[in-house]
Amino acid sequence: QVQLVESGGGLVQAGGSLRLSCAASGRTFSRYLLGWFRQTPGKEREFVAAISWSGSRTYDADSVKGRFTISRDNAKNTVYLQMNSLKPEDTAVYYCAANGHTYVGFIPYYRAQEYDYWGQGTQVTVSS
């Protein structure tokens, strides 16, 4: 069982930066693929970024490539999302999620339904 708590959201002007954190409970944190997703009203949850259990592999959505960076600190049971050059279209509720499945070959890191645990979300609002 993993519990996730996000923090770091807020209101920022376009072009600004925010750093989201997601603190996890559970001794097996380091075994999980971790992801960030976002959602706006009336839309499906959208993949943003993911990171492998060791941190050696990261995956980014095309919409955030070059602007957002995901990282993790297994010693602190925390995953981060550094968001730079923010745009109004980045406005959403951001969720972190943990995926404990074992895959052989292809890893469906972008599929929300593959993630077992979710945080409560943190609001990010980017003003123009």
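This is a guided tour of a predicted model, moving from one sheet to its disulfide and then to the aromatic rings.

Residues are numbered from 1 along each chain as its sequence is written. Because the model is predicted, local features need pLDDT of at least 70 and side-chain atom pairs count only at pLDDT 80 or more, whereas totals for chains, interfaces and linings use all residues; side-chain values rest on heavy atoms, with hydrogens and water left out.

**The sheet**

Begin by selecting strand β3, residues 18-24, where strands are DSSP runs of E with at least two residues, numbered from the N terminus. Five of the seven residues of β3 are buried, a term that means under 20% relative accessible area, with exposed set at over 50% and partly exposed in between (1.4 Å probe, protein chains only).

Now add the other strands: β3 belongs to an open sheet of four strands in the order β1-β3-β8-β7, with antiparallel pairing, and two strands pair if DSSP finds at least two bridges between them. The edges are held by β1 and β7 (68-73), each with a single partner strand, so one side of each has no neighbour in the sheet. On average, neighbouring strands of this sheet are turned by 15° against each other, direction ignored; the axes behind such angles are lines fitted to C-alpha atoms, and angles run from 0 to 180 degrees between N-to-C directions.

On one side of β3, select strand β1 (residues 4-7), which is joined to β3 by four bridges; there Leu 4 stands opposite Ala 24, and Val 5 has Ala 23 as its bridge partner. Strand β8 (residues 78-83) pairs with β3 over six bridges, again in the antiparallel sense, and Val 79 of β8 is the bridge partner of Cys 22.

Stay in β3 and pick Ser 21, which counts as buried at 18% relative accessibility. Leaving aside residues up to four places away in sequence, Ser 21 touches Val 5, Glu 6, Ser 7, Trp 36, Thr 78, Val 79 and Tyr 80, contact meaning heavy atoms within 4.5 Å.

**The disulfide**

Which residue forms a disulfide with Cys 22? Select Cys 96, whose sulfur atom is 1.9 Å from that of Cys 22; a disulfide is a pair of cysteine sulfur atoms within 2.5 Å, and a search of the whole structure finds one. Cys 22 lies in β3 and Cys 96 in strand β9 (residues 92-99), so the pair ties together parts that are 74 residues apart in sequence. The torsion about the S-S bond is about 40°, so the disulfide is right-handed, and both Cys 22 and Cys 96 are buried.

**The rings**

Turn next to the aromatic side chains, where the structure holds 10 pairs; rings of Phe, Tyr and Trp (its six-membered ring) pair if their centres lie within 6.5 Å, and planes under 30 degrees apart count as stacked, over 60 as edge-to-face and the rest as tilted. Tyr 109 and Tyr 110 have ring centres 5.4 Å apart and planes at 85°, so this pair is edge-to-face. Tyr 110 is partly exposed, with a relative accessible area of 37%.

To see the cluster linked by ring pairs, select Phe 37, Phe 47, Tyr 59, Tyr 95, Phe 106, Tyr 109, Tyr 110, Tyr 115 and Trp 118.

Finish with Arg 45, which lies over the face of Trp 118 at 4.7 Å from the ring centre, a charge being over a ring if NZ of Lys or CZ of Arg is within 6 Å of the ring centre and within 35 degrees of the ring normal.
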